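Colleague: I have the sequence and the picture open, and I keep tripping over the vocabulary. Can you take me through the terms one by one?

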Amino acid sequence: MTAGVDGVVGVVLVSHSAEVAASVAALARGLAGGGRLGPVEPAGGAPDGGLGTSAERIAEAAARADGGAGVAVLVDLGSAVLTVRALLAEGDVLPPGTRLVDAPLLEGAVAAVVTASTGADLDTVEAAAAEAWDYRKG
């Protein structure tokens with residue numbers, strides 16, 4: 001678990017699986033290497049430990065990731081998107097400057113964490129993560 005780092009964009013990774021969220025967070029941290037690594041918080045699984053999403057887990061992860069520079073939230077599947085959108089719509093559940101980022105979970109997480117570690121602002125972190133949609137593997 002990490003805590004918000006002042007001036008560094010935090011990243012929250014939401015997956016229907018706690019194991020997937022934690023593993024993607026660990027990979028992104030590991031690949032970020034140098035720089036001022038900001039918080040990368042997994043928010044995976046349902047409250048009962050099964051597959052699903054949890055508004056409470058997402059809100060707690062965002063609070064831990066918040067260092068005042070914004071929080072980029074990346075998600076895996078549709079209902080995770082809906083849960084984050086609902087939390088954002090409530091207006092006071094997530095830290096100010098929390099943003100749902102339209103990016104693939106794994107590649108976007110790596111791009112977001114690497115970019116955040118350079119001290120980039122939330123707009124730049126979001127753009128780097130979204131650019132991951134264009135990564136080609138063949």
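Modeller: Let's begin with handedness. A crossing is right-handed if the near helix is turned clockwise from the far one by less than a right angle, and left-handed if it is turned anticlockwise. By that rule the crossing of α1 and α4 is right-handed. Keep in mind that this is a predicted model.

Colleague: Why are α1 and α4 called oblique to each other?

Modeller: Helix α1 (residues 18-32) and helix α4 (residues 105-116) pack at an angle of about 40 degrees. Roughly parallel needs an angle under 35 degrees, and roughly perpendicular starts at 65. An angle of about 40 degrees fits neither, so α1 and α4 count as oblique. Their axes are 9 Å apart.

Colleague: What makes the contact between α1 and α4?

Modeller: From α1 you have V20, V24, L27, A28, R29, L31 and A32, and from α4 there are L105, L106, A109, V110, V113 and V114. Sorted by class, that contact has 12 nonpolar residues, no polar ones and one charged residue.

Colleague: And α4 with α5: what makes that pair roughly parallel or roughly antiparallel?

Modeller: The angle between α4 and helix α5 (residues 122-131) is about 150 degrees. The cut-off for roughly antiparallel is over 145, so α4 is roughly antiparallel to α5. The axes of α4 and α5 are 7 Å apart, and their crossing is right-handed.

Colleague: Which residues make the contact of α4 with α5?

Modeller: G108, A111, A112, T115 and A116 come from α4, and T124, V125, A128 and A129 come from α5. The contact of α4 with α5 divides into six nonpolar, three polar and no charged residues. Glycine is counted as polar in this scheme, in case G108 looks out of place.

Colleague: What about α2 and α3: at what angle do they cross?

Modeller: Roughly 65 degrees, and the axes of helix α2 (residues 55-65) and α3 come within 10 Å. The crossing of α2 and α3 is right-handed. A55, I58 and A59 in α2 meet T83, V84 and L87 in α3. The contact of α2 with α3 has five nonpolar residues, one polar and no charged.

Colleague: On to the sheet. What makes β2 and β4 the edge strands?

Modeller: The four strands form an open sheet in the order β2-β1-β3-β4, with parallel pairing. β2 (40-44) and β4 (98-100) each pair on one side only, and that is what puts them at the edge. The twist averages 20 degrees from one strand to the next.

Colleague: How do you know that β1 pairs with β3 and with β2?

Modeller: Two strands pair if there are at least two bridges between them. Strand β1 (residues 10-15) and strand β3 (residues 71-75) have five bridges, in the parallel sense. L13 has L74 as its bridge partner in β3. β1 and β2 also pair in the parallel sense over five bridges, with S15 standing opposite G44 in β2.

Colleague: Which strands do the helices touch when they pack on the sheet?

Modeller: Helix α3 (residues 78-90) touches β1, β3 and β4, and its direction makes about 150 degrees with that of β4. α4 touches β1, β2 and β3, with its direction at about 170 degrees to that of β1.

Colleague: Why is β1 described as mostly covered?

Modeller: Six of its six residues are buried. Both faces of β1 are covered, with G10, V12 and V14 on one side and V11, L13 and S15 on the other.

Colleague: What makes V71 count as buried?

Modeller: Buried means under 20% relative accessible area. V71, in strand β3, is at 0%, so V71 counts as buried. Beyond its neighbours in sequence, V71 is in contact with residues including G10, V12, A62, T98 and L122. The C-alpha atom of K137, 66 residues away along the chain, is separated from that of V71 by 28 Å.

Colleague: S17 is in a loop, so to speak a different setting. Why is S17 called buried?

Modeller: The cut-off is under 20%, and S17 is at 13%, so S17 counts as buried too. S17 is found in the loop between β1 and α1. Not counting residues up to four places away in sequence, S17 touches G44, G45 and L51.

Terms used. Residues numbered from 1 in each chain as written. Predicted model: local features only at pLDDT ≥ 70, side-chain atom pairs only at ≥ 80, totals over all residues. Heavy atoms only, no water. Axes fitted to C-alpha atoms, helices over the stretch in contact; angles between N-to-C directions. Helix = DSSP H or I, 4+ residues; strand = E, 2+ residues; numbered from the N terminus. Parallel < 35°, antiparallel > 145°, perpendicular 65-115°, else oblique. Contact = heavy atoms within 4.5 Å. Buried < 20%, exposed > 50% of the residue type's maximum accessible area, 1.4 Å probe, protein only.
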